[in-house]
Amino acid sequence: MPNNSSANTASDASRRDFLKHSVAAGSLAATLAANPIARAAHSGADETMRVGLVGCGGRGRGAAIDALTADPNTKLVAVGDAFLDRAEGGLEAIQFEDSVADRVAVDKDHVFDGFDNFKKVIDSGVDVVILATPPHFRPEQFAYAVEKGKHVFIEKPVSVDMAGAASIAETCKLAASKGLSIVSGLCWRYDLGVRETMKRIEDGAIGEIVAIESCYNSDTLWHRGDKADWSRMEYQLRNWLYYTWLSGDIIAEQAIHSLDKTAWLLGDLSPTKAMGIGGRQQRTDPKYGNVFDHFTVFYEYPTGQSVYFTCRQQHKCTQRVDEIVHGTKGKAEILANRIWNPSGSEWRYDGPKPSMYLNEHVEFFKSIRDNEPIDNGHYMVNSTRIAHLGRMAAYSGQTLSWDEAIADPTRLGPDQYSWSDVPEPPVAIPGVLAKA
């Protein structure tokens, strides 16, 4: 990972290059939006691509349906999950989707469970792998998929700790050398309204960016309960959201979408340091593992801008997700696709709004067929690290620099996986019980 100095030197150019790419891709996606399963004119269009799904929860099922919808010459041929009931349930849900059901070609011998299910899916002769397991497992699974020469759609965040992010960064280099497409689940990068709003900001619609208010304040999420015959490993894995070693905490698992947009606005630079606070006020029951339910983090960037960020998962509280960008000549609201200035003029995006979840797969499969690989590696690693930096600052109660944070070698989670009773990790207490 380059240090901030080297990253900053290339920042302006890389930002311009990215936005140029975004415009071109946006035009393409706008065309495809009218007919999302339109086939591109390319030599590989007649070849059926075989898709494997690793992780059959709600996001994995949705991603598999989007993949089959995006490209009409694809088949789902293998699925895997740590739990057989989840693998079978996920497959059934995909088969229930009429628009793609005829291309679900998974027989009983290709429904895998256990901790090594990902290897069996990847070794099933697939061309494309969708990685949608809990984030802890992604570095190992991503490395194996790329080693085997597979194109990968990898959900966000790509790791739960800095050590995992470093592993992903190294694997991205190998993927690039092999000409593989790597697309991240940071889906707002594939939303046409957000892309156009970002482009206008880049073109100076609000002048120079001064600061960004960013929030991902949402409601509580699911909990799958407990059973007497579950080992503590099974309990934690079935309720993975509530364990930092599995999810990265809410700032990484969910709110990374907001942090990714702030990084995008600032040229995908890395912050220089962060100071954060957080804790748990509603999630006081031990069943909620060791994650927080709120964070506030102040990030400082080398170009002088600040990001003021909050995230929350609490019931009966104001829910809001968006970024307000303050510029020298106006303001912008990213998800509202709105820009305005003190004179009263206002712009709102009114173009096509196809599903960003589908659009990222449309562009993913087209890149494979056109042999023009997409590489989302830099920003998916950078944004994941930004989330980890914020969590580490809040957990520890310390102001942390980027350089010291990304050098942290801590690997969260057990060294080996088995259906035994893993320890219950403690909740971090800032200033007292610091945890990564």
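Isoleucine 154 is buried in this predicted model, and its relative accessible area is 0%. Since burial is taken as a relative accessible area under 20%, a value of 0% places isoleucine 154 within that class. The residue belongs to strand 5, which covers residues 151-154.

The surroundings of isoleucine 154 can be described through its contacts. Apart from neighbours within four places in sequence, isoleucine 154 is in contact with Leu131, Arg138, Phe142, Ile168, Ile182, Val183, Ser184, Gly185 and Met380. One of these partners, serine 184, lies 30 residues away along the chain, yet the C-alpha atoms of isoleucine 154 and serine 184 are separated by 5.1 Å.

Some of these names return in the description of the nonpolar cores. The largest nonpolar core contains 59 residues, and those with the most contacts inside it are Leu76, Phe142, Ile154 and Met380. Helix 3, spanning residues 58-70, supplies the largest share of this core, namely 6 residues. At least three residues of the core come from each of two domains, domain 1 (49-188) and domain 2 (191-351 + 376-407). A second core, separate from the one just described, has 49 residues, among them Trp188, Cys311, Trp347 and Met392.

Helix 3 also has a packing partner. It packs with helix 13, residues 356-369, at an angle of about 50 degrees, and the two axes are 8 Å apart. Because of that angle, helix 3 is oblique to helix 13. The crossing of the two helices is right-handed. On the side of helix 3, the contact is made by Arg59, Ala63, Asp66, Ala67, Thr69 and Ala70. Helix 13 contributes Tyr357, Leu358, Glu360, His361, Val362 and Phe365 to this contact. As background to such lists, an α-helix has 3.6 residues a turn, so residues three or four places apart point the same way.

A further element to consider is helix 12, residues 256-265. Of its 10 residues, 10 are buried, and helix 12 is therefore largely enclosed by the rest of the structure. The buried residues of helix 12 include the nonpolar Ile256, Leu259, Ala263, Trp264 and Leu265. His257, Ser258, Asp260, Lys261 and Thr262 are likewise buried in helix 12. After helix 12 comes glycine 267, whose phi is positive, near 75 degrees.

Notes. Residues are numbered from 1 along each chain as its sequence is written. This is a predicted model: local features need pLDDT of at least 70, side-chain atom pairs count only at pLDDT 80 or more; totals for chains, interfaces and linings use all residues. Side-chain values use heavy atoms; hydrogens and water are left out. A nonpolar core is a set of buried Ala, Val, Leu, Ile, Met, Phe, Trp, Tyr and Cys residues joined through side-chain atoms within 4.5 Å. Buried means under 20% relative accessible area, exposed over 50%, partly exposed in between (1.4 Å probe, protein chains only). Helices (H or I, at least four residues) and strands (E, at least two) are DSSP runs, numbered from the N terminus. Domain bounds come from an automatic or database domain assignment. Axes are lines fitted to C-alpha atoms, for helices over the stretch in contact, and angles run from 0 to 180 degrees between N-to-C directions. Angles under 35 degrees count as roughly parallel, over 145 as roughly antiparallel, 65 to 115 as roughly perpendicular and the rest as oblique. A crossing is left-handed if the near helix is turned anticlockwise from the far one by less than a right angle, and right-handed if clockwise. Contact means heavy atoms within 4.5 Å.
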